[in-house]
Amino acid sequence: MTQLRTWLTADTPSSRNHARAIQAYLSWRALASNPLTVIGLLIVIALVVFALLAPWIAPRSPIALDLTQRFIPPGAEYWFGTDEFGRDILSRVLYGARVTLYIVVLVAVTAAPVGLLVGTVAGYFGGWADVVLMRVTDIFLAFPRLILALAFVAALGPGIENAVLAIALTAWPPYARIARAETLTIRSSDFIAAVRLQGASGTRIILGHVVPLCSSSMIVRVTLDMAGVILTAAGLGFLGLGAQPPLSEWGAMVSSGRRYLLDFWWVATIPGLAIFTVSLGFNLLGDGLRDVLDPKSS
Amino acid sequence: MIEVENLTVTFGEGASAIRAVRGASFRVEQGETFGLVGESGSGKSTVLRALSGLNPDWTGAMKVDGQVLGQKRSKAFHKLVQMVFQDPYGSLHPRHTVDHVLAEPLAIHGMGDVDRRVETALAEVGLGPSFRFRYPHQLSGGQRQRVAIARALVLEPKVLLLDEPTSSLDVSVQAEILNLLQRLKRERGLTFMLVTHNLAVVAHMCDRLAVMNAGRIVEEMSVDELRRGAARHAYTLQLLNASLGYDRSKARELVTFE
Amino acid sequence: MTQSLLSVEGLHVRFHTTKGVVEAVRGISFEVGREKLGIVGESGSGKTMTGRSVLRLVRPPGEVVARRMTFDGVDLIGLSEVDMREIRGRRIAMVMQDPKFSLNPVMTVGSQIAEAYLVHHKVPAAQARQRTLDMLAAVKIRDPERVYGLYPHECSGGMGQCIMIAMMLIPDPDLLIADEPTSALDVTVQMQVLAILDDLVTQRGMGLMFISHDLNLVASFCDRVVIMYAGRIVETCRASELQNARHPYTRGLLASLPRIDRPVGDLSVLSRDPAWRDGPVFVDGEMRS
């Protein structure tokens, strides 16, 4: 253990991977030194674990109806109680984590790279490329997220995929703007001039030099935005436009439980708490990441 | 080695256009160190950036090693001419290791034998193999500047453009870097073009120099003439006097040249 | 040296970091009279921290400890923050290296200078304006009326530094701490700025702490010089005697400078002796341990 620690804090790395390992270890230590960040990270890890293991850890089926067991309050048998059809809320929340994770991952892997690429290309090349790409960005920025989602659902029918598509289409323009602004400052730096003087192509400079510097602020931004994405997805579910029954989705669960809120508080409150906790987790993690990754602070 | 004929660099267009360099001409012989001296805004760095290909908005004629230069430069040109920048903190990518910095030009030009070349380049600038996998933030200013010099030399160029290479370093580190540059020049038969505001550095490094003011070359002289104070243009004389240290009576006589 | 204005004894500046305590200044003592005192050192020598600690501008995790630090009979260590603010700006002023970062970009330079005056003097605005124009003229700015209405970005580097000096000097301080005030300027502009500072010291009897890395400049401009190395003063001498300095560090620095007047083969490279950290120091050519 101590040997590993010495290896990870060495001043003179002996290979490329060693250097990377040291960097990763130092970033991890900086991240772990903030307790709130660790809480955020634990929440996000819990979301991933619960989502992946839902079929094995959920005590009951999330969709099996049992009308004899309706509205049982949280207790020893049903930890989170049951809903109006006698379904186990704990199992539904666990399966609901899968839907949430699915949305979050899909938005992150589509919107962030598109925004990063559009922003860096526009910023690095400037001129016509910049004008065209940024006007396209402006057009997408003008779409109201929820209304666009409603339009998509109206055109393509309700479903998670359409909700994700609507969220992703409206999520990338802010990333493009951030990436472009950062690229503009990076572009004029001497290390870019130096690599240009080596005869490097635009592609090489953007992918090898500009993107790595922009991507850390992008990660921070995406993490912070995830709370918003989860809330939008939940909102769509609440309106009945996201995941369709019997698939368990937190927003939809809140929506259906709302009718019984006064008599059976847990039906709507527990999925609501799940949304709250996961959003908070992403926000805490994002704040911590910003402190560690922001190139301006180091 | 370098021939520049009537070089004019203009920034902007129309009424707001600024002519940063106005009709500069000079020649640098093979194996020579040529200094370009002036104060901020004189256009000395702009000449260097136009020559290196970083600034395409120029008119005139430039030749390096017999080849006529266009606005766009070929890969062969970059192998021939390399540059060292002023700020050692800004000229290295903060997320790239020294190894990455030195291996990249080799990858761009498809040169093999990367490990050996990187290690040789490091050894030549006086950095041991222990520096190879460090990040810039683990290096001092002088060490960074050594890495920047190694990066410029790894492509084995014939011409090195030096843009104030020591002006952000401490004097003791400056001496080390200047000695290093002199040794590399001797060993490799390099041609240097040095841009600086520091006349003492020019006197130490150069064979000949040109003095620039407001975009024009006002005087070209040998370094012997500089040492004797044999300047013909009043601006050069004033610059020389101001560089010799503070003198109350001289400070009164300063004039602005246009 | 004339009568002492600032007297510092046993000054330490420590930084408490995760990796332990770093001592930037390690027990230095010096005095400043109504003169030009040069403080020379390389980056990391502690010269900037010395200047800042006099005004108590070292921020946490930095910590300033001194056996004694008096300014014109006032104990600077025991002073409350409120009283310190009265001293700062009014009696001791500071000029930094880059004027661009020290001026408010959305206020005209004239109103900034006038405000600096009004903070310490209860006078009508018109009088503050007149005083500002006089001050701009005093720092050799041509056409003060026009410059009064300029924004900082409309001024050149040299003009910006003169404006900074005018702003710092308008309350008529007794001591000016100038941290590399001319390093970002061209040599000819540097001469003009130094001439202004020179006049202020000789005519108004102000004290000047001139912090710089430039040995030649300090030798030609200042009255006395202290050389700092690794947080200590290793040598103190008259500026005119700097060429005859005795400490190996000072001598090494001088030898590593390229020269205009005669060619030198390779420049001599300073080899740092670990013994300098705590070894003997020199005062006016005499060794003290």
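Reader: Which chains have the most contacts among the 2 pairs of chains that touch?

Author: Chains B and C do. Keep in mind that this is a predicted model. As for chains A and C, no contact joins them, and their closest C-alpha atoms lie 11 Å apart.

Reader: How many residues does each chain put into the contact between B and C?

Author: Chain C gives 31 residues and chain B gives 31 residues. On the side of chain C that touches chain B, helix H8 (187–204), helix H9 (215–221) and helix H10 (248–255) each supply at least two residues. The largest share there, 7 residues, comes from H8(C). Sort that side by class and you get 15 nonpolar, 9 polar and 7 charged residues.

Reader: And how many residues are in contact between chain A and chain B?

Author: First, the general idea: interface size is often quoted as the accessible area lost when the parts come together. Here we just count residues. In this case 22 residues of chain A are in contact with 26 residues of chain B. On chain A's side, helix H2 (16–32), helix H8 (190–197) and helix H9 (202–238) each bring at least two residues, and H8(A) gives the most, with 7 residues. The classes on that side of chain A come out as 11 nonpolar, 8 polar and 3 charged.

Reader: Let's go inside chain B. Are the faces of strand E8(B) covered or open?

Author: General idea: side chains in a regular strand alternate between the two faces of the sheet. In E8(B), both faces are covered: Thr191(B), Met193(B) and Val195(B) are buried on one side, and Phe192(B), Leu194(B) and Thr196(B) are buried on the other. Put as a count, 6 of the 6 residues in this strand (191–196) are buried.

Reader: Which strands pair with E8(B)?

Author: Strand E3 (residues 33–37) of chain B runs parallel to E8(B), joined by 5 bridges; Gly35(B) has Leu194(B) as its bridge partner. Strand E7 (residues 159–163) of chain B also pairs with E8(B) in the parallel sense, over 5 bridges, and there Val159(B) is partnered with Thr191(B). To get from E7(B) to E8(B), the chain crosses through helix H6 (residues 171–188) of chain B, in a right-handed β-α-β crossover.

Reader: Back to chain C. Why does a radius of gyration of 20 Å agree with a compact globule?

Author: Because a compact globule of 289 residues would come out near 19 Å, the 20 Å of chain C agrees. Its C-alpha trace spans about 60 × 50 × 40 Å along the principal axes. Chain C has 10 helices and 13 strands, and buried residues make up 44% of its 289 residues.

Key: Residues numbered from 1 in each chain as written. Chains lettered and ligands numbered in written order. Predicted model: local features only at pLDDT ≥ 70, side-chain atom pairs only at ≥ 80, totals over all residues. Helix = DSSP H or I, 4+ residues; strand = E, 2+ residues; numbered from the N terminus. Rg over C-alpha atoms; globule rule 2.2 N^0.38 Å. Buried ≥ 20, exposed ≤ 12 C-beta atoms within 10 Å, placed from the backbone. Contact = placed C-beta atoms within 7 Å. Nonpolar A, V, L, I, M, F, W, Y, C, P; charged D, E, K, R; others polar. Pairing = 2+ DSSP bridges. Right-handed = clockwise from strand over helix to strand, strands pointing away.
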